[in-house]
Amino acid sequence: MKISIIYHSETGNVKKMAEIISKACLSIENTEVELMTVERINTKFLQESKVVFFGSPTYCGNCSWQIKKYLDYHPKELSGKLGAVFISQNQLGGGGASFAAISIISELLVCGMLVYSSGIAEGNPILHFGAISQKAPAENSLDYNRCIKLGERVTLKAFDIFK
Ligand SMILES: Cc1cc2nc3c(=O)[nH]c(=O)nc-3n(C[C@H](O)[C@H](O)[C@H](O)COP(=O)(O)O)c2cc1C
């Protein structure tokens, strides 16, 4: 199962989240992961991927324009794939990360993607719209665990859906 992790990161926080999610995906057998910045997409690997994660910083209470621009212009490439979202924000509790996640999710739906976070269904940590972290997750913090669980749960769901 090929998994693409596409992210935008100016100062490294979203990149760190992407790396943690990648580790979690790879902890499940028969997975292959490629991390890609939104500026440098491996289109062949993306085409072959069943799962695509999108990561963005919160910019003015929304996702970054770089991620939005990519999604605006590439809807057909994503159709039918399973999508999931992760967001970094600066302000604890109120920085707008949830809205940034929902903005990306709305784009994924328009692209014809299936979207999954696990929500409240699999207990703690609850992942409402995806994984959210304040800046970069510290080792073994709640934010770190959110990234791990998002990676694992979405990957297992993909094996379930695409068997
Ligand atoms: C233009 C701009 C707007 C931002 N707006 C917000 C915001 O609305 N809420 C917030 O919590 N953080 C905001 N931030 C902070 C970033 O979301 C945060 O530092 C994030 O961790 C950056 O991710 P990166 O290191 O991957 O680039 C903003 C940063 C920039 C540069």
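Three elements each supply at least two residues of the shell around the ligand: helix H1 (13-26), strand S3 (51-59) and strand S5 (82-89). Helices and strands here are DSSP runs, numbered from the N terminus: H or I over at least four residues for a helix, E over at least two for a strand. S3 gives the most, with three residues.

A word on the source. This is a predicted model, so local features need pLDDT of at least 70, side-chain atom pairs count only at pLDDT 80 or more, and totals for chains, interfaces and linings use all residues. Residues are numbered from 1 along each chain as its sequence is written, and side-chain values use heavy atoms, with hydrogens and water left out.

Now the shell itself. 17 residues surround the ligand, each with a heavy atom within 4 Å of it. Among the closest are Ser9, Thr11 and Ser88.

Which polar contacts does the ligand make? A polar contact is a pair of N or O atoms within 3.5 Å. Thr11 puts a polar side-chain atom 2.3 Å from a ligand oxygen. For Asn13, a side-chain N or O atom sits 2.8 Å from an oxygen of the ligand. Gly61 uses a backbone N or O atom, at 2.9 Å from a ligand oxygen.

How much of the ligand is covered? On its own, the ligand has 640 Å² of accessible area, and the protein covers 74% of that. The areas come from the Shrake-Rupley method with a 1.4 Å probe.

Last, the strands. S1 (residues 2-7) and S2 (residues 32-37) pair in the parallel sense over six bridges; pairing takes at least two DSSP bridges. Ile5 stands opposite Leu35 in S2.

Terms used: Polar contact = N/O pair within 3.5 Å; in protein donor to acceptor, adjacent residues only side chain to side chain.
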